[in-house]
Amino acid sequence: MRHFSARGQALAALLALLACDRLPGVPQRRPAQAQTPALQPLVAGPWLLDPEAGRMTVAWLTQTPSVGRVWYGTVSPDRLATEEGPAVMEHRVILGSLQPQTQYRYRVEGSDDVFVFTSAPQSGVEGPVEVLVYGDNRTNSGDHALVARSAAGEHAQLALHTGDMVVDANEPDLWRVWFQEEHDHLATTPLVPTVGNHEITDNGVAYAKYFQHRDRPAYWSLDYGPLHIDVLDSFETAAGATPHSAGVSDAQKAWFEEDLRKVPKDRHVWVLVHQGPYSHPAHVRPGHGGSEAVRSAIAVGRLVHPIEVVFAGHEHFYERGEIDGLQYFVLGGGGAPLEDPDPSFPGVQTAQKALSYAMVEVCGCHARGVVKDIAGKVIDSFRLATCAAPCGAPAQEVLPPLAALEVPDAGAGDAGQRRRGRRRSRAEETSDAGVTESPPQ
Ligand SMILES: [Fe+2]
């Protein structure tokens, strides 16, 4: 046992008092570190957005404002990215200088969890890339959770969401549940969503906070390896859309047309939109079925660049078809109360009432996929584009004969197309078989 003198004991008592959090009767000075926003635990997220070549955005929510920080790296999360601007509750941190098509680990300050994502490939790179397409989750006694769990198990590189995440965007509790059910999926797979009619029940406020680019419309496009994805807003409030009626402005149509003019001819162009050009419910409700506004926009776009496929939702079932040479999907089996499709309608190739999602693989000039139910059973398979050149084949093996290079070919004028072999759509194959295509609608 150590012994202290009376003077030593007094000094020890003073030191003990100084070490206390509170000195009786003495006003407290706050420690210097308490002046900065305290670490905030996450109340939702993280989720990934905007997977562009060389960068990825990490988003999450905190209860009170703070400045977000994310550590990330290929081996361990040892690089730091700090949020720009003032302290906020809806966080967006951009991870920059990423190597293409590379796995990264990341951790958000306020959480000990480390997640992994794959960075985007460079624009024009052949792939392969694996893309999940799903939507219409709503809030339906756990059915959305079942779809989200199955989707997470696919470990897709990119997820396209056809819209309608919650029944009422005004309800924070519904968003909280949605983010909980999507957590494992969206922490590792970047999400590219489109606005559903349920996302404008609050005039799009929550959607803008959680997913939309700051100060930009909800329609935009993304280059991702062999893909060019145009995200259209079929419920554009600026065009007078309401939760019960679609609307597409002339400004959006003009943007779409201009956007397509810049896309190389050999790129797979996909359109993601909530209410698609065609859908065939067995019992049509007001505001459902195909959208004339979207058909019109797509018809203009197809004059500029071939559109390989349109992915939509809005109806709570799965439908795949081809009308006027346009391949389209309705992928609305993401959890909302299921409805009956009408598979007998001309142009409908298959339709099922099932909780479901699509997985599409794209590599070079090939694009093919399957649709699965929540048990993992394949309920449909399809091919969107194909060509003679195998995916990933060395360039010298797929070069056309020299004579072919010397003859101008209006359909394969792009150098990339010559290198890879021209992609052929299902419409072209049908046309070759003697069936006359109708002009775009
Ligand atoms: Fe909808």
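How many helices and strands are there in the protein? In this predicted model, the protein holds 10 helices and 21 strands. Of its 441 residues, 43% are buried. Contacts that span long stretches of the chain are well represented: among those between residues at least 6 apart in sequence, 66% join residues at least 24 apart.

A good place to begin a closer look is an open sheet of four strands, which runs in the order E4-E3-E6-E7 with antiparallel pairing. Strand E4 (79-82) and strand E7 (115-118) are at the edges, where each has a single partner strand, so one side of each lacks a neighbour in the sheet. From one strand to the next, the twist averages 30°.

Strand E3 (residues 69-73) can be followed through its pairings with E4 and E6. With E4, strand E3 pairs in the antiparallel sense over four bridges, and the two form a hairpin with five residues between them. Within this pair, Trp-71 stands opposite Leu-80 of E4. E3 also pairs with E6, again in the antiparallel sense and over four bridges; here Val-70 is found opposite Val-108 of E6.

In a regular strand, side chains alternate between the two faces of the sheet. Strand E3 shows such an alternation: Val-70 and Tyr-72 point to one face and are buried, whereas Arg-69, Trp-71 and Gly-73 point to the other face and are not buried. Val-70, the partner of Val-108, is thus on the buried face, while Trp-71, the partner of Leu-80, points to the other.

Turning to the helices, two packed helices are described by the angle between their axes and the distance between the axes. For helix H5 (residues 250-261) and helix H6 (residues 292-304), the axes come within 9 Å and cross at roughly 20°. Angles under 35 degrees count as roughly parallel, and H5 and H6 are therefore roughly parallel to each other. Their crossing is right-handed. On the H5 side, the contact involves Lys-253, Phe-256, Glu-257, Leu-260 and Arg-261, which meet Ala-297, Val-300, Gly-301 and Val-304 of H6. By character, the residues of this contact divide into five nonpolar, one polar and three charged.

The backbone offers some further details for anyone browsing the model. Most residues other than glycine have a negative phi, and most peptide bonds are trans. Against that background, the peptide bond from Gly-45 to Pro-46 is cis, with omega near 5°, and Pro-46 is located in strand E1 (residues 42-52). A cis peptide bond also joins Gly-127 and Pro-128, with omega about 10°. Pro-128 belongs to the loop between E7 and strand E8 (129-134).

Positive phi values are found at Gln-101 and Asn-203. Gln-101, a residue other than glycine, has a phi near 50° and sits in the loop between strand E5 (88-95) and strand E6 (103-108). Because Gln-101 has 17 C-beta neighbours inside 10 Å, this residue counts as partly exposed. Asn-203, likewise not a glycine, has a phi of about 60°. Its place is the loop between strand E10 (191-193) and helix H4 (205-210). With 13 C-beta neighbours inside 10 Å, Asn-203 also counts as partly exposed.

Key: Residues are numbered from 1 along each chain as its sequence is written. This is a predicted model: local features need pLDDT of at least 70, side-chain atom pairs count only at pLDDT 80 or more; totals for chains, interfaces and linings use all residues. A residue is buried if 20 or more other C-beta atoms lie within 10 Å of its own, exposed if 12 or fewer, and partly exposed in between; C-beta atoms are placed from the backbone. Two residues are in contact if their C-beta atoms, placed from the backbone, lie within 7 Å. Axes are lines fitted to C-alpha atoms, for helices over the stretch in contact, and angles run from 0 to 180 degrees between N-to-C directions. Angles under 35 degrees count as roughly parallel, over 145 as roughly antiparallel, 65 to 115 as roughly perpendicular and the rest as oblique. A crossing is left-handed if the near helix is turned anticlockwise from the far one by less than a right angle, and right-handed if clockwise. Ala, Val, Leu, Ile, Met, Phe, Trp, Tyr, Cys and Pro count as nonpolar, Asp, Glu, Lys and Arg as charged, and the others, Gly among them, as polar. Two strands pair if DSSP finds at least two bridges between them.
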